[in-house]
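Subject: Handover of a structure and findings

Dear colleague,

I am handing over to you the structure shown below. Please look through it first; the findings follow.

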Amino acid sequence: MNVSLTKDLSVYQLVMGVQVPPKPLSLSPATLLSLVRAQIDLLIEQQIAATLWVKLPPEKIWQSELARYQSSVGASSIIYTCQIDENRKGGAGEDDEAGEENNSSSFSSAHHVTVHLPPDSQLRRENFLMVLSPQFCSLILAHRPLKKRKNQILGKVNTNKNQPLLIITTVEGRVIQQVLNGIQKAISNDHLPGVYVPDSSPIVPADFICPTMPEAATMSQLFTKQLLRQDEINRQIITARTTKLQQINQELHNKEQFQDEYLKNLCQELRIPLTHIKTALSLLNSPNLKPTQRQRYLQMLNTQCDQQNSLITGLLELVQLERNLEGMVLESVRLSEIVPGVVSTYQPLAQEKGIMLAYTVPTELPSIWCVSGGLRQIVINLLHNSIKFTPNGGEVWVRARLQGDYVQLEFRDTGIGIAESEISKIFERFYRVRTSATEDYAGAGLGLTIVQQLLLRCGGSISVKSKLYEGSTFTVQLAIVGDAPRAIAIEHE
């Protein structure tokens, strides 16, 4: 059997329309679940065969309670389940319960009645469980008021799942009878094609009389079960919150360990130039120092001071970048406006080392996304590394081309290369390439870290190919304007 209800039926309005209506309480969905479970517990324990009218959320945690009751009481119960029929003629609803699932498959079809609600039914914002039997009648009702959201699209008004529910729970016969009469009047013949619905569909036996109040013993048992169920849900909530807090604490602990390790590495990096400076100053105090030796120690002091300055500058730049990166706005920029200028700046250094430096950046390449000033910084850091690690007489090329939805920028050199085991480390803070025990290329070891942060922010990627003593190729991909930039993981090849 199938039943349809008119769209203007509202159990909440029926309850509030009685003389001296029950007072709604602003409670959470978890409290509603505890009330429903307590009612089902009582019905099962007392083996009360009742007619149930229900409209509950479609999730299994709610529907399982009804299945639990029916499996226990069996053929002596009837369940009327109200569900929104989205396929019926009418406008789609505007609230959060659109698209409810049909969960009637959990129940015995002989003792289950599907009650069809039109898409614009007022019951969309309501959930309820009404128990009807000569021994015990009750109603649990949850109403979610409409709440306007700011910046509504096309003027739509939606409910907010996070807001508390207005919950009414009552065992008063006068209130339940009012709802019962309202449902009887709302039964509609606007049914599904091919489904016959009689003009008067009895929803309870004709001689049914709703008791004024349940017996005191029954009420005492109900209150006890409500307390037990609420305590159970509270413990579950506390357990979930404790687990969440433990996860947060672990994340904070990991972050603290990372910061400790970072500070440790920072102190070590700052100590190295100071140690060299102190050594050079000590040697300069030697009374038998020759002019050539003095010159060498002075050069050592100058080099280590430059190293110290480079490290501090790089650190300040990285800290400022990480602090402000999320708030930086992406801008449209063309490679042909940035790359040539940076390359020309490095031409004198390349000529001094006898390095052939060339670039190819077609002017017709589309614009790409990058943070303000970020593209210039990426090109400077990668080009600087290519020249620094390329010996005299080597070659460095910078090439750009269109590759699908990205502009690909390639930095290729014939430098010292990177050992395969070291490639995964080059983006780490303070990492510096050392090809032998005697070679130590000066620098802060932060340039590639900065490149990595900039690329992640603007939805770019970088890949590295290198072979020791033969050279390296860094390939950067930048999203072209017209596509929404997205974060892409750093790749190492």
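Two helices whose axes make an angle under 35 degrees count as roughly parallel. Please note that the model is a predicted one. The axes of helix 7 (residues 339-352) and helix 8 (residues 374-388) cross at roughly 30°, and the two helices are therefore roughly parallel to each other. Their axes come within 10 Å, and the crossing of helix 7 and helix 8 is right-handed. On the side of helix 7, the residues that meet helix 8 are V339, V342, V343, Y346 and L349. Their counterparts in helix 8 are R376, V379, I380, L383, H384 and I387. Sorted by class, the contact of helix 7 with helix 8 has nine nonpolar residues, one polar residue and one charged residue.

Helix 8 also packs with helix 9 (447-457). Here the axes come within 9 Å and cross at roughly 150°, and the crossing of helix 8 and helix 9 is left-handed. Helix 8 contributes G374, Q377, I378, N381, L382 and N385 to this contact, while helix 9 contributes G447, L448, I450, V451, L454 and L455. The contact of helix 8 with helix 9 has seven nonpolar and five polar residues, and no charged residues.

How much of helix 9 is buried? Eight of the 11 residues of helix 9 are buried, and the helix is mostly covered. The buried residues in helix 9 are L448, T449, I450, V451, Q452, Q453, L454 and L455. Helix 9 is followed by G459, which has a positive phi near 75°.

Turning to the interior, the largest nonpolar core has 43 residues. Within this core, the residues with the most contacts are L335, I368, L375, L382, L383, L409 and F474. Two or more residues come from each of helix 7, helix 8 and helix 9, as well as from strand 12 (368-371), strand 13 (395-403), strand 14 (406-413), strand 15 (461-467) and strand 16 (471-479). Helix 8 gives the largest share of this core, six residues. As for L335, its contacts beyond the neighbours within four places in sequence are P340, V361, I368, L375, A400, V407, L409 and L478. Apart from this core lies another, of 34 residues, and W53, M130, V175 and I183 are among them.

Two loop residues deserve a mention for their backbone angles. Most residues other than glycine have a negative phi. Q47, which is not a glycine, has a positive phi of about 50°. This residue is found in the loop between helix 2 (29-46) and strand 3 (51-55). Q47 is partly exposed, with a relative accessible area of 44%. Y469 likewise has a positive phi, near 70°, and is found in the loop between strand 15 and strand 16. Is Y469 buried or exposed? At 59% relative accessibility, Y469 counts as exposed.

Finally, some figures for the protein chain as a whole. The secondary structure of the chain comes to nine helices and 16 strands. Of its 493 residues, 45% count as buried. Among the contacts in the chain with a separation of 6 or more, 77% are between residues 24 or more positions apart.

With kind regards

Conventions
Residues numbered from 1 in each chain as written. Predicted model: local features only at pLDDT ≥ 70, side-chain atom pairs only at ≥ 80, totals over all residues. Heavy atoms only, no water. Axes fitted to C-alpha atoms, helices over the stretch in contact; angles between N-to-C directions. Helix = DSSP H or I, 4+ residues; strand = E, 2+ residues; numbered from the N terminus. Parallel < 35°, antiparallel > 145°, perpendicular 65-115°, else oblique. Left-handed = near helix turned anticlockwise from the far one by under 90°. Contact = heavy atoms within 4.5 Å. Nonpolar A, V, L, I, M, F, W, Y, C, P; charged D, E, K, R; others polar. Core = buried A, V, L, I, M, F, W, Y, C linked by side-chain atoms within 4.5 Å. Buried < 20%, exposed > 50% of the residue type's maximum accessible area, 1.4 Å probe, protein only.
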